[in-house]
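Biologist: I have this one open on my screen. Can we walk through the helices, the rings and a few odd residues?

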Amino acid sequence: KTDKDTLEEAQQNKINHLIKKLNIKPNQKVLDIGSGWGTLATEIARQTKSRVTGITLSKNQYEYSLNRLKNLNLSNQVDFRLSDYRELKNEKFDRIISVGMFEHVGRKFYHKFFSQVNNLLKENGIALVHTIGSINPPRNPHPWITKYIFPGGYTPSLSEVAGPIEKSGLIISDLEVLKMHYAHTLRHWKDRFARNKDKVLSMFDDKFYRMFEFYLSSCEAAFKYGDQVVYQFQLTKKLDTAPSTRDYIYN
């Protein structure tokens with residue numbers, strides 16, 4: 001909320017903001033596509049008393065999330081699966097959320113992604129997609145980032161996302177552009193990375209350290225001075241599903 005927020009404060013603020021936007025009711029079924037290390041899924045369950053399914057393609061993340069569940073006493077509310085979002089069939093969810101995964105879907109699969117969200121979402125459901133994006137027209141991904149950091153990763157322009165959403169039958173019921181936020185995030189990451197240089201060098205080599213130092217610095221600049229922002233798409237099937245104003249998010 002301010003540039004003085006710690007990384008931990010910002011993370012919790014982000015999670016709270018996402019949960020508010022989903023407008024979840026107790027016992028509703030929630031799907032987290034790309035559940036990562038499991039924090040968002042468990043926080044959704046804890047705050048809203050809903051039932052959450054988190055899916056990931058990473059075996060490490062899957063096993064870590066399962067171990068966290070045991071300590072949080074949420075096993076009756078949260079179900080983690082090692083699964084591709086395209087493999088889910090014959091299930092319907094009241095809410096669907098995806099944070100930080102869409103950058104890895106790939107442009108040729110955008111239509112498939114939103115069509116699958118449409119298939120999995122109940123008629124009165126709400127979906128929320130949080131992704132890094134570009135304020136500029138479509139362009140090719142940065143070759144250095146593709147080669148060394150995120151093979152297959154891509155941060156889309158708004159125009160590249162809006163079309164597949166429209167064709168899927170979903171409605172963009174709310175769109176928020178988070179500006180500068182990830183510049184601060186990357187600054188924190190860069191500073192912590194530098195403070196742990198000796199630890200990094202004990203695990204990797206100097207080339208690896210310089211590569212990620214450059215990556216974190218250049219991406220901080222891209223969010224601060226360049227074309228990178230964060231888009232939050234709230235999606236529904238009907239115009240009257242989400243409240244008419246944003247009061248429910250901020251009250």
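Biologist: Let's start with helix packing. Is the crossing where H7 passes H9 left-handed or right-handed?

Modeller: H7 passes H9 in a left-handed crossing. Left-handed means the near helix is turned anticlockwise from the far one by less than a right angle, and right-handed means clockwise. One caution before we go on. This is a predicted model, where local features need pLDDT of at least 70 and side-chain atom pairs count only at pLDDT 80 or more, while totals for chains, interfaces and linings use all residues. Residues are numbered from 1 along each chain as its sequence is written, and side-chain values use heavy atoms, with hydrogens and water left out.

Biologist: At what angle do H7 and H9 cross?

Modeller: Roughly 160 degrees, and the axes come within 8 Å. H7 covers residues 181-195 and H9 covers residues 206-224. Helices (H or I, at least four residues) and strands (E, at least two) are DSSP runs, numbered from the N terminus. Axes are lines fitted to C-alpha atoms, for helices over the stretch in contact, and angles run from 0 to 180 degrees between N-to-C directions. H7 and H9 are therefore roughly antiparallel to each other. The classes are: under 35 degrees roughly parallel, over 145 roughly antiparallel, 65 to 115 roughly perpendicular, and the rest oblique.

Biologist: Which residues of H7 and H9 make the contact?

Modeller: On H7, they include Leu186, Trp189 and Phe193. On H9, Tyr209, Phe212 and Leu216 are among them. Contact means heavy atoms within 4.5 Å.

Biologist: Some of those are aromatic. Which residues form the aromatic cluster?

Modeller: Phe150, Phe193, Phe204, Phe208, Tyr209, Phe212 and Tyr215 form one cluster. Rings of Phe, Tyr and Trp (its six-membered ring) pair if their centres lie within 6.5 Å; planes under 30 degrees apart count as stacked, over 60 as edge-to-face and the rest as tilted.

Biologist: How many aromatic pairs does the structure hold?

Modeller: It holds 16. One of them is Phe113 with Phe114, which is edge-to-face, at 5.1 Å centre to centre and 90 degrees between the planes. Phe113 is buried at 0% relative accessible area, and Phe114 is buried at 0% as well. Buried means under 20% relative accessible area, exposed over 50%, and partly exposed in between (1.4 Å probe, protein chains only).

Biologist: Any charges over rings?

Modeller: Lys29 lies over the face of Phe93, 5.0 Å from the ring centre. The charged end of Arg86 sits over the ring of Phe109, 5.2 Å from its centre. The test is NZ of Lys or CZ of Arg within 6 Å of the ring centre and within 35 degrees of the ring normal.

Biologist: Back to helices. How do H4 and H6 pack?

Modeller: H4 (residues 110-120) and H6 (residues 158-168) pack at about 45 degrees, with their axes 8 Å apart. They are therefore oblique to each other. The contact includes Phe114 of H4 and Pro164 of H6. H4 passes H6 in a right-handed crossing.

Biologist: And H1 with H2, at what angle do they cross?

Modeller: Roughly 60 degrees, with the axes coming within 10 Å. That makes H1 oblique to H2. H1 passes H2 in a right-handed crossing. Ile15 and Leu22 are among the H1 residues at the contact, and Leu40 and Ile44 are among those of H2.

Biologist: New topic. What is phi of Asn73 near?

Modeller: It is near 60 degrees, a positive value in a residue other than glycine. Asn73 is in the loop between H3 (59-72) and E3 (78-82). At 68% relative accessibility, Asn73 counts as exposed. Asn90 also has phi near 60 degrees. Asn90 lies in the loop between E3 and E4 (93-99), and is exposed at 84%.

Biologist: Now Val129. Buried or exposed?

Modeller: Buried, at 3% relative accessible area. Val129 is in strand E5 (residues 121-134). Not counting residues up to four places away in sequence, Val129 touches Phe113 and Phe114, among others.

Biologist: And where is Ile55?

Modeller: In strand E2 (residues 51-56). Ile55 counts as buried at 2%. Beyond four places in sequence, the residues Ile55 touches include Leu31, Ile33 and Leu88.
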